[in-house]
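Please open the structure in your viewer and keep the selection tool at hand. The tour goes from stop to stop, and each one says what to select and what is there.

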Amino acid sequence: LSGPFAMTRMTRRFGLLVAVPLTAVHVNFLPTLRRSSSVARPVFGRKASAKSSGAPAAPTTGSRRSLSGRYKEKLKPLEKETAGRFVDTHCHLDKVIPRLSRQSHEDARRAKAKGLAPPRQMNASYKEWRDSLEGSENDLEACVNIGCQKADLEQAASFLKYDGIYGAFGIHPLHAHDWDDEVEKKLLAMMTMQKVVAWGECGLDYFDKKTRGQVKDPKLRGLQRKVFAKQMDLAVSLKKPLVVHTRFAEEDTLELMEKHLPTEHPVHVHCFTSSNTLAQALLERFSSLRLGFTGVVTFKNAPEVQEVVRNTPLERILLETDSPYMAPEPFRGRIAHPGHVSYVADKIASLKGVSRAEVLATCRKSTRLIYGI
């Protein structure tokens with residue numbers, strides 16, 4: 001501890017020997033308060049920096065009564081701040097868990113080679129990963145797990161047996177070639193499963209990895225458009241919320257959505273990285289549409305996405321990770337997981353100039369409105 005917290009005197013409070021600073025006090029002997037949500041502990045060997053809670057240092061003298069009385073009002077906002085829970089509204093657990101396992105074993109191998117104590121290793125187990133979450137990451141309440149290609153639908157659906165895991169299933173535009181009568185029949189059957197809350201993800205992806213521009217192949221574009229339109233029609237007929245993926249396809253995405261979706265249909269445009277122009281057009285056209293933001297919003301080279309967040313009403317935002325992809329700072333380059341929603345929420349709070357608690361509460365309400373969770 002340093003600066004205003006440079007107090008090392010120990011004293012007895014509520015029968016416990018504790019350090020006097022309030023940052024220690026509220027963790028050590030006020031059981032009704034959770035650990036500050038701004039503190040995240042490492043998972044499977046990752047490092048996270050802990051931020052000060054900003055609470056003032058407690059006096060080094062005074063009775064138990066005077067301490068509780070003096071700080072009663074100051075602790076109330078802290079209790080409210082740490083009470084928030086969050087839902088990862090878009091993740092791919094069938095890809096997250098095995099990749100985290102491989103990452104943990106690789107971390108252990110590297111540590112051993114350097115003569116360091118190896119970090120915790122994990123097997124490919126959802127429960128083991130979930131039980132490992134600590135700090136603000138442990139405020140994870142639920143996930144919407146996505147299955148979006150023919151080969152992975154069953155594996156993605158297998159996670160529905162866990163508490164707090166919900167599902168959304170469809171065909172991703174990069175797997176539009178998977179679409180046939182058999183897949184359509186399978187997806188229709190999956191929509192009747194308990195805890196399946198949406199259709200998708202589906203949409204358009206014209207990104208060309210070779211040129212870093214748009215795909216020009218009219219045949220590929222035509223197939224994606226056809227499969228996207230079909231899935232929108234099915235989602236509307238079933239009155240299921242729709243999860244939309246759009247990348248480098250703004251004009252076609254807006255055109256098809258305007259043609260196939262009622263203006264009041266619930267829509268989650270996930271991992272939004274498109275322009276502010278498209279964002280505002282979608283928000284104006286579809287009253288029940290929400291934009292989802294991932295760890296990309298924390299990247300230093302994503303000012304356009306950050307600007308979209310600033311221009312989007314908080315009540316029209318959903319929190320997500322799209323894990324295992326695009327882990328937020330300070331974990332960029334690592335495997336993302338649903339606990340990382342915590343850092344997305346922190347960044348959005350900073351960009352919007354509001355508290356973390358307000359972001360969590362508002363986005364939690366939107367999750368309930370779109371997905372019924």
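Begin by selecting residues 86-91, which form strand β3: six of its six residues are buried, so the strand is largely enclosed by the rest of the structure. Bear in mind from the start that this is a predicted model. Now add residues 140-147 to the selection, because it is easier to understand a strand together with its partner: these residues are strand β4, which runs parallel to β3 and is joined to it by four bridges, and β3 counts as largely enclosed because all six of its six residues are buried. To see one of the pairings, pick V87 in β3 and then look across to A142, its bridge partner in β4.

Next, select helix α3, which covers residues 93-113. Start with D94 and K95, which form a salt bridge in which the closest N and O atoms are 3.5 Å apart. D94 has a relative accessibility of 11% and therefore counts as buried, and K95, at 17%, also counts as buried. If you then add D152, you will have the three residues D94, K95 and D152, which are linked in a network of salt bridges.

Move along to E106 and R110, whose side chains meet in a salt bridge with an N to O distance of 3.1 Å. Why are these two separated by about one helical turn? They are four residues apart in helix α3. Both partners are partly exposed, with a relative accessible area of 47% for R110 and a relative accessibility of 26% for E106.

Keep the helix in view and select D107 together with R334, which form a salt bridge whose closest N and O atoms are 2.5 Å apart. This pair links distant parts of the chain, since D107 belongs to helix α3 while R334 lies in the loop between β12 (317-319) and α11 (341-352), 227 residues apart. Is each partner buried or exposed, or something in between? D107, at 11% relative accessibility, counts as buried, whereas R334, with a relative accessible area of 23%, is partly exposed. The structure as a whole holds 14 salt bridges.

Now turn to A176, which you will find in the loop between β5 (165-169) and α6 (181-190). Although A176 is in a loop, its relative accessibility is 3%, and so this residue counts as buried. Which residues is A176 in contact with, once its neighbours within four places in sequence are left aside? They are I171, L223, Q224 and V227. For one of them, L223, you can check the distance in the viewer: A176 and L223 are 47 residues apart in sequence, but 6.7 Å apart in space from C-alpha to C-alpha.

The last stop is the largest pocket, which holds about 690 Å³ of space. Select H245, R247, C271, D322 and M326, which lie nearest the centre of this pocket among the 26 residues that line it. Then colour β6 (196-205), β9 (242-247) and α10 (303-311), the elements that give two or more residues to the lining. The largest share, three residues, comes from β9. If you colour the lining by class, you should find nine nonpolar, 11 polar and six charged residues.

Note on methods. Residues are numbered from 1 along each chain as its sequence is written. This is a predicted model: local features need pLDDT of at least 70, side-chain atom pairs count only at pLDDT 80 or more; totals for chains, interfaces and linings use all residues. Side-chain values use heavy atoms; hydrogens and water are left out. Buried means under 20% relative accessible area, exposed over 50%, partly exposed in between (1.4 Å probe, protein chains only). Contact means heavy atoms within 4.5 Å. On a 1 Å grid over the protein atoms alone, a cavity is a set of points where a 1.4 Å probe fits but cannot get out, and a pocket is an open set with protein on both sides within 12 Å along at least five of seven lines; lining residues have an atom within 4 Å of a point. Grid points are joined across faces, edges and corners, and a volume is the space filled by probe spheres set on the points. Ala, Val, Leu, Ile, Met, Phe, Trp, Tyr, Cys and Pro count as nonpolar, Asp, Glu, Lys and Arg as charged, and the others, Gly among them, as polar. A salt bridge is a side-chain nitrogen of Lys or Arg within 4 Å of a carboxyl oxygen of Asp or Glu. Two strands pair if DSSP finds at least two bridges between them.
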